[in-house]
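Trainee: I am new to this one. Could you take me through some of the terms people use when they talk about it?

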Amino acid sequence: MSVLTRDEAQTRAKLLDVHRYTIALDLTTGDETFASQTVIRFTARTEADTFVELKPAELREATLDGRPLDPETLEENRLPLTGLTAGEHELRIDAVMRYSRTGEGMHRFTDPTDGETYVYTQLFMDDVQRVFAAFDQPDLKAVFDLSVKAPEDWTVLANGITTDLGEGLWQAAPTPLISTYLVAVAAGPWHSVRTEHRGLPFGIHCRRSLAPHLDTDADELFEITKQCYDRYHEKFEEPYPFDSYDQAFVPEFNAGAMENPGLVTFRDEFVYRSAVTDTERQTRAMVIAHEMAHMWFGDLVTLRWWDDIWLNESFAEYMGYQTLTEATRFTDTWVDFGVVRKGWGYDADQRPSTHPVAPEAVDDTASALLNFDGISYAKGASALRQLVTWLGEKDFLAGINTHFARHKFANAALADFIDSLASATERDVHAWADTWLRTTGVDTLRPVVTRGEEGTYTLQVEHKGSRPHRIAVGLYDQDVADEGRHLVLRDRLDLDIPQSTPQPIGKRPTLLLLNDGDLTYAKVRFDPDSFEAVTESLSGLPSPLTRAVVWNALRDAVRDGELAPTAYLDAARAHLPHETDLALVQGVLAFASAYVADRYVTPEQRPAALTTLSSLCRDLIRRTEDGDHPGLRLIAVRHCIDVAAHPDTIAAWLADGTVPGGPELDPELRWRVLARLAVLGATDETAIAAELERDPSAAGQEGAARCRAALPTEEAKAQAWEAMFTRDDLSNYLFTATAQGFWQPEQTDLVRQYVPRYYQDAVALAARRGPAIAVAAGRSAFPDYAIDEDNLHLGEACLRDADPIPALRRKLVDQLDDLGRALRVRQA
């Protein structure tokens, strides 16, 4: 397939004005394909040749201004339009398109629970070409007029309000000017809940089999949606620009959500069918807030080219967390950002694949797709948070509103954004952008505390890096009234980095913490006395956000080989039993198990690491026996299952259907137990089949695939490998579930033969099945527990000799860097 280059897009944008798409889709033509008819009305500014993009199963007919075009001239995904004259033109395309099973284009899903079928679009980047013909680049905005023929018992959702015309025909209201990648359709026998807010129709939708679970949470979902909507209207002068606000929870969705104007699509795991923690509800709420922010930043004002994707994602990420904190019951969202999202950004920024938040070298769409990572989301949001700290929120919002006014229903680039901000302040925003948005890597801040005269001390911050920072420095003393078990904040100092002079801090604090409040993006370290205080009193710090900064510092020190992985486990064992913030407990346990126990400690140390984590989880379970902390108990039970080294206890839970004292085992916990029993060789195909009969849902199908791939037999591994890399019939979700089960730290000897096979088979698979499966193969099917030099050399040879497609290459680069880091941590 030909990918669109920036130069080609710029040339076409100078040539064309695209006015209107009239699209007719027929979803009643069979299970494999659908019919797509498109009329594009556009103006050419001069005589020229160009092309339109589409990826059909069959191009039946094409005409330009009534003149037939030869379907045989379609080369890969480009149909040439030659001999254009200056003036108005009409292009008509009649094509047959394929449904997708990988979450790209028009995805088709049949629910195993009830046999109902659903389809939905995900057209991001260049997948609109899988659904209808388009001049597919973000700066050729147009009006989209869409009709859909569907089975008569289906409902059709789209960007605008849809009207049922009878006999299965639906008409969507024409959109305002939007980009091709933002067009959306979702069709099927949806279960819908509707309301109205400020005169605007709101709807939430899901598969019929999930209806009871959506109904349970409908009030919460609508409340969050309305609170965010109202808060954005307080922040933004430009009103919500579309005619309705629907949120559809769709199956087998590759992303968390997609900001289609008026029809946001979410992965339907957000319709909870099993117990979840309040932090998970907060995450769902943040995604709602994030996608709604996109209605202004991304949909109303859209990037001109994909080098500015950060403008969409960083803004929505920052605004989602900030607005949730201001407008909803979730007032500690920045703790979750600090302990989960920020680590994602720090990790991405230290790999060879790192790039500036605002990169300059995004030459084509394939390159652009690689930048949807922790840098464009977490680092960019951190940069904006630092900008607000430096600029002040009043001036920041004034600049944002200027940006909306200047570029609404049009496109903008980084320079436009910076100019808008600069119009609202006397500060040098352009210089800030150069240092923060055009550079790579993570700065490191290290305190040097010096004793002066009369027992007073000064602070000098060693700054490794190039960015200026405005931070808070927390000075904490022991609480003598509490026999020193807790730390109290004596003072919090504002400090600009780099410093001009040492900062007086008075008497020596028990703990000196840089970046208290987590307002900048930098790794922080401790002076020796402060590190000792952390090991003794971390859980005694008064603010969860402060504790998040400390835990992140310990995490970074482990990854950099400055702190032994076992020391991190010791800190978790000592302090998590006293932690009250669920995001912190979840984040620390996730790193301690998935990275420390599974990768960073040596195989000889791993049993002791699992014992430490098991003891910690049992402590948390005992602490929650009173029933007052169900979320904390659920986290502890989940991780107790995941780190179980012996099957007896969790097998008894599964047999009894409950953990003593609760909770009862819901479907998610039952599959989790069964998967761990499979890893330990304590279950078999008969038990898996029985559980699947008990829970035949889509999630149950994934659970069964995960369990079967985890069984420690040569036959099970061979069958899983064939399913992933040979048959090509697994959906994106079933592929991921199978991959998750395949590699296990306990089974390294059993699967060692598959390590060299992985690289050859993954390269071939990615070439056959495309970017979505390539990402899944690189992320979930990579042999990340084969932590040895042989695996590293195999991967390096693959990158050098095998020419994997860009999506897989990027994943392999990241995985191999993580593998090298794990080797260095073990050696250190």
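Mentor: Gladly. Let us begin with exposure: buried means under 20% relative accessible area, exposed means over 50%, and partly exposed lies in between. Keep in mind that this is a predicted model.

Trainee: Then why is Asp728 called partly exposed?

Mentor: Asp728 has a relative accessible area of 27%. Partly exposed is the range between under 20% and over 50%, so the value of 27% puts Asp728 in that class.

Trainee: And why is Ser731 called buried?

Mentor: The relative accessible area of Ser731 is 8%. Buried means under 20%, so Ser731 with its 8% is buried. Ser731 lies in the loop between α21 and α22, and Asp728 is found in the loop between α21 (714-725) and α22 (732-742).

Trainee: What makes the link between Ser731 and Glu252 a polar contact?

Mentor: Their side chains are joined at 2.7 Å. The cut-off for such a pair of N or O atoms is within 3.5 Å, so the 2.7 Å pair meets the distance limit. Leaving aside neighbours within four places in sequence, Ser731 is in contact with Arg101 and Glu252.

Trainee: What is notable about the phi of Asp728?

Mentor: Asp728 is not a glycine, yet its phi is positive, about 65 degrees. Most residues other than glycine have a negative phi. Phe409 is another case, with a positive phi of about 55 degrees although it is not a glycine. Phe409 sits in the loop between α8 (393-407) and β21 (410-412). With a relative accessible area of 27%, Phe409 is partly exposed.

Trainee: Which residues does a cis peptide bond join where omega is about 0 degrees?

Mentor: That bond joins Ile497 and Pro498, and Pro498 is in the loop between β25 (487-497) and β26 (503-506). A cis peptide bond with omega of about 5 degrees joins Gly662 and Pro663. Pro663 has its place in the loop between α17 (648-656) and α18 (667-679). Most peptide bonds are trans.

Trainee: How do you know that strand β24 and β27 pair?

Mentor: Pairing takes at least two bridges, and strand β24 (residues 469-478) and β27 have four, so they pair, in the antiparallel sense. Leu511 of β27 is the bridge partner of Tyr476.

Trainee: Which way do the leucines of strand β27 point?

Mentor: In strand β27 (residues 511-514), Leu511 and Leu513 point one way and Leu512 and Leu514 the other, and all are buried. In a regular strand the side chains alternate between the two faces of the sheet.

Note on methods
Residues are numbered from 1 along each chain as its sequence is written. This is a predicted model: local features need pLDDT of at least 70, side-chain atom pairs count only at pLDDT 80 or more; totals for chains, interfaces and linings use all residues. Side-chain values use heavy atoms; hydrogens and water are left out. Buried means under 20% relative accessible area, exposed over 50%, partly exposed in between (1.4 Å probe, protein chains only). Helices (H or I, at least four residues) and strands (E, at least two) are DSSP runs, numbered from the N terminus. A polar contact is a pair of N or O atoms within 3.5 Å; within protein, one must be able to donate a hydrogen and the other to accept it, and residues adjacent in sequence count only if both atoms are side-chain atoms. Contact means heavy atoms within 4.5 Å.
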